[in-house]
Amino acid sequence: MPFYYNLGKIPHKRHIQFRKESGDLYYEQLFGTEGFHGFSSLLYHVHRPTMVKSVKEFKDLTPVPAVNKNITSRMLKGFNVAPKDDFLESREIVLFNNDLNIAVAAPRKSMQTYFYKNADADEVIFIHEGNGKLRTMMGNIPFSYGDYLVVPRGMIYQMEFETEKNRLFIVESFSPVYTPRNYRNNFGQLLEHSPFCERDLRAPSELETHDELGTFTIRIKKENILHELEYASHPFDVVGWDGFSFPYAFSIHNFEPITGRVHQPPPVHQTFEGHNFVICSFVPRLYDYHPLSIPAPYNHSNIDSDEVLYYVDGDFMSRNHVEKGYISLHPGGIPHGPHPGAYERSIGQTETKELAVMVDTFKPLKLTQAAVDMEDNTYATSWLDK
């Protein structure tokens, strides 16, 4: 994150002695990405964070393409993903390329028997249904409907749910996830015309510090392999930390839409960015106010990117039929636009209540068998006049 934050107890200077009341040292850890160049934080542990007792089972999670080269517009019924008790087992990758994975999940149970670390990717977890708490080694963040949870790679965490009805839309990014550069100044501060600001971002507010030795299971995803390791100390033993790299939450309901006299292009909805992709938020907003405006989006050619839209809530005026949890894929190479009648139907409308998350990738996406299994096969030809 492009702002400084601290939580708990820290010494007055980096890399110096920091002692417990007993006189023993706390153990300092640098937590960051991109070597020593990217954002980082310094954490202070009760015990050494390096005490591995054993390396046990592993499981290959490498996504397999069912459709490797795609030029077909597709609609996936994301709520068709089967609910499962376990958080990791419930995650079903539907689309992927070398830059990211896109998954849906319907976990029923909180993570209680193990901790998780994604060493491959930053994670953006969108909460479509459910509420609870993201518990991490850097503190806890309550979450609810409409929250994005941004979890840096390497973060050890658990998801704690309050009910068994949970729906998640997840982007795993193999590059760091940042706020949009066009909304930041040279020092990283979000600018006045940004649709959100630092006040809207929720950093960890509750730091758990467990002084416990024993056997603690941590599942670590590395190179698409899920490894299981046993640590000798509780991973949540941090007494304090400071820096620029930490998990945070941002509610899609706090995104302030940018509108104009004529239809605004998708970049005004941008919320996050990674290498070769962006994430955008479509929120309730006023329509264009030119006297001859057409609120529905104009037809546009997807030549350089695949466009994924995850439908969250509301009525989507550009589509004749869409439901919560649907995922549209409009691939690069062919144009797409409003369904027949939607262009004309939008004239005179003054506002929209739609809510959606869009992922635009600049490399083609592959479909897994899970995506094929939840597909509406009539979507590709749904622009034909009836």
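Here a biologist and a modeller talk through a predicted model, from its cores to its cavities and two single residues.

Biologist: Which residues have the most contacts inside the largest nonpolar core?

Modeller: That core has 82 residues. Its largest share, five residues, comes from strand E7, residues 100–105. Those with the most contacts inside the core are Phe87, Met159 and Phe169.

Biologist: Let's stay with Phe169, then. Which residues does Phe169 touch, not counting those up to four places away in sequence?

Modeller: The list includes Ile102, Ala103 and Val104, and strand E7 covers residues 100–105. Val124, Ile125 and Phe126 are also touched by Phe169. To complete the set, add Tyr310, Ile327, Val357 and Val359.

Biologist: And how many residues are in the other core, apart from the largest one?

Modeller: Phe282, Leu309, Tyr311 and Met358 are among its members. This core lies apart from the one with 82 residues. Its count is 12 residues.

Biologist: On to the empty space. How does the lining of the second largest cavity divide into nonpolar, polar and charged residues?

Modeller: The structure holds three cavities of 30 Å³ or more, and the second largest has about 80 Å³ of space. Its lining includes Ile258, Val268, Leu286 and Tyr287, along with His263, His269, Arg285 and Asp288. Thr259, Gly260 and Gln264 line it too. The split is four nonpolar, five polar and two charged.

Biologist: Now Thr352: buried or exposed?

Modeller: Thr352 sits in strand E27, residues 351–352. Beyond its neighbours within four places in sequence, Thr352 is in contact with Val283, Pro284, Arg285, Tyr287 and Asp315. Of these, Arg285 and Tyr287 also line the second largest cavity. Its relative accessible area is 3%, under the 20% cut-off, so Thr352 is buried.

Biologist: Which residue's backbone nitrogen does the Thr352 side chain reach?

Modeller: The distance for this one is 3.1 Å, and polar contacts are counted within 3.5 Å. The nitrogen belongs to Glu354.

Biologist: What about Asn299, buried or exposed?

Modeller: Asn299 is in the loop between strand E22 (285–286) and strand E23 (300–302). Leaving aside neighbours within four places in sequence, Asn299 is in contact with His336, Gly337 and Pro338. Its relative accessibility is 54%, and the cut-off is over 50%, so Asn299 counts as exposed.

Biologist: Last one: how far apart in space are Asn299 and Phe236?

Modeller: In sequence, Asn299 and Phe236 are 63 residues apart. Going C-alpha to C-alpha, the distance in space is 50 Å.

Definitions and conventions
Residues numbered from 1 in each chain as written. Predicted model: local features only at pLDDT ≥ 70, side-chain atom pairs only at ≥ 80, totals over all residues. Heavy atoms only, no water. Helix = DSSP H or I, 4+ residues; strand = E, 2+ residues; numbered from the N terminus. Buried < 20%, exposed > 50% of the residue type's maximum accessible area, 1.4 Å probe, protein only. Polar contact = N/O pair within 3.5 Å; in protein donor to acceptor, adjacent residues only side chain to side chain. Contact = heavy atoms within 4.5 Å. 1 Å grid on protein atoms, 1.4 Å probe; cavity = no way out; pocket = protein on both sides within 12 Å on 5 of 7 lines; lining within 4 Å. Points joined across faces, edges and corners; volume = space filled by probe spheres on them. Nonpolar A, V, L, I, M, F, W, Y, C, P; charged D, E, K, R; others polar. Core = buried A, V, L, I, M, F, W, Y, C linked by side-chain atoms within 4.5 Å.
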